[in-house]
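Me: I would like a close look at a single part of this protein, and I would prefer one connected answer to a list.

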Amino acid sequence: GIEQALDDYEADEDLWVAILTGTGSVFCAGADLKEIASGNARSLSTSKGGFGGLVKRNREKPLLAAINGTAVAGGLELMLACDLAIAVDAAKFGLPEVKRSLVAGAGGLFRLPRAVGRSVAMELIMTGDTIGAKRACELGLINAVVEPEALMSEAKSLASRITANAPLAVQASRRIAERALVDGDDELWQQS
């Protein structure tokens with residue numbers, strides 16, 4: 001699964017950027033609700049990475065999400081665990097858990113407000129509504145909106161722009177930027 005792929009990616013010194021995408025017209029619509037209802041929610045997570053083997057994962061290298069369609073519930077939480085995201089114009093984003101009497105439990109409740117601001121995040125979280133790719137881009141949730149046939153070429157182009165830089169500098173800069181919204185200035189000065 002994703003966790004093993006990330007283990008391999010992090011261990012391979014020749015790989016500097018990875019791209020996570022879905023199949024068909026859905027990036028990820030979250031956890032299987034039948035599994036959750038039957039009490040098997042733990043089977044959807046790993047001890048190292050949490051949901052999907054990713055959302056709690058400590059990483060050193062950049063991870064780009066290429067959103068090929070719907071990214072809701074756990075799918076949005078997987079995307080929020082990535083560093084960058086581009087999406088097709090038909091993509092939808094949201095945390096609809098409240099509409100199913102659930103609480104989003106894979107990081108979306110604290111990562112979404114950091115990504116789009118408190119007011120918009122609270123609206124999406126408490127209504128369970130979704131937004132389209134254009135609005136997601138306007139809010140800074142994703143980096144770009146592309147046509148479906150251009151998704152992977154644009155993702156690879158963005159990855160190439162990252163790999164044009166020194167890998168250790170990219171990794172160190174990523175690590176500090178990731179902490180910028182949770183650490184105070186004193187802690188951040190110590191890391192830089």
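How many nonpolar, polar and charged residues does the lining of the largest cavity have?

Reply: Please keep in mind that this is a predicted model. By class, the lining of the largest cavity has 5 nonpolar residues and 2 polar ones, while charged residues are absent from it. The residues concerned are Trp-16, Pro-62, Ile-162, Thr-163, Pro-167, Val-170 and Gln-171, and the elements that give two or more residues to this lining are α7 (151–163) and α8 (167–179). Of the contributing elements, α8 gives the most, with 3 residues. The space enclosed by this lining comes to about 30 Å³, and the count of cavities of 30 Å³ or more is 1. As general background, empty space left among atoms is shown by rolling over them a probe the size of a water molecule.

For a second site, one may turn to Leu-95, which is found in the loop between β8 (92–94) and α4 (108–116). Leu-95 has a relative accessibility of 2%, and because buried means under 20%, this residue counts as buried. Leaving aside residues up to four places away in sequence, Leu-95 touches Ala-73, Leu-76, Glu-77, Ala-104, Gly-108, Leu-109, Leu-112, Leu-124, Ile-125, Gly-128 and Asp-129. As for Ala-71, which is 24 residues from Leu-95 along the chain, the C-alpha atoms of the two residues are separated by 8.9 Å.

Technical notes:
Residues numbered from 1 in each chain as written. Predicted model: local features only at pLDDT ≥ 70, side-chain atom pairs only at ≥ 80, totals over all residues. Heavy atoms only, no water. 1 Å grid on protein atoms, 1.4 Å probe; cavity = no way out; pocket = protein on both sides within 12 Å on 5 of 7 lines; lining within 4 Å. Points joined across faces, edges and corners; volume = space filled by probe spheres on them. Helix = DSSP H or I, 4+ residues; strand = E, 2+ residues; numbered from the N terminus. Nonpolar A, V, L, I, M, F, W, Y, C, P; charged D, E, K, R; others polar. Buried < 20%, exposed > 50% of the residue type's maximum accessible area, 1.4 Å probe, protein only. Contact = heavy atoms within 4.5 Å.
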